[in-house]
Amino acid sequence: MSKLTAMQIKSLLNQPPKKHADGGGLYFCVRASGSPYWMLRYTTTATKLRREYTIGKVEDWSLADARD
């Protein structure tokens, strides 16, 4: 899976609401309200359920920070 670049993220800010995969369960999400955020999708080992964890807003977290 291809990784997002900083230039792609900048251009996606003006796109319709959607989740964009970066790889490793990390997603760049654009809401209908317009506030983009980072989200991590993972599966629990005990229950095998898929969960989503909001990391933070794009204004607060850079692409490199979200990947770490």
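Looked up Asp22 to begin with: Asp22 is buried, at 1% relative accessible area. Here buried means under 20% relative accessible area, exposed means over 50%, and partly exposed is in between (1.4 Å probe, protein chains only).

Note to self on the source: this is a predicted model, where local features need pLDDT of at least 70, side-chain atom pairs count only at pLDDT 80 or more, and totals for chains, interfaces and linings use all residues. Residues are numbered from 1 along each chain as its sequence is written, and side-chain values use heavy atoms, with hydrogens and water left out.

**Asp22 and its partner**

Which residue forms a salt bridge with Asp22? I found Arg67, with the closest N and O atoms 2.9 Å apart. My criterion for a salt bridge is a side-chain nitrogen of Lys or Arg within 4 Å of a carboxyl oxygen of Asp or Glu. This pair links distant parts of the chain, since Arg67 is in helix 2 (residues 63-67) and Asp22 is in strand 1, 45 residues apart. Helices (H or I, at least four residues) and strands (E, at least two) are DSSP runs, numbered from the N terminus. Unlike buried Asp22, Arg67 counts as partly exposed at 36% relative accessibility.

**The other salt bridges**

How many salt bridges does a search of the whole structure find? I got three. Glu52 pairs with Lys19, closest N and O atoms 3.3 Å apart; Glu52 is in strand 4 and Lys19 in strand 1, 33 residues apart. The side chains of Glu52 and Arg41 also meet in a salt bridge, 2.8 Å from N to O. Arg41 is in strand 3 (residues 37-43), eleven residues from Glu52. Shared partners join Lys19, Arg41 and Glu52 into one network.

I checked accessibility for the network too. Glu52 is partly exposed at 45%, Lys19 is partly exposed at 37%, and Arg41 is partly exposed at 22%.

**The sheet**

Next I traced the strands. They make an open sheet of four, in the order 1-2-3-4, with antiparallel pairing; two strands pair if DSSP finds at least two bridges between them. Strand 1 (18-23) and strand 4 (50-57) each have a single partner strand, so one side of each lacks a neighbour in the sheet. Neighbouring strands are turned by 30 degrees against each other on average, direction ignored. For such angles, axes are lines fitted to C-alpha atoms, for helices over the stretch in contact, and angles run from 0 to 180 degrees between N-to-C directions.

Last entry: five bridges join strand 1 to strand 2 (residues 26-30), and the two run antiparallel. I also saw that Gly23 stands opposite Leu26 in strand 2.
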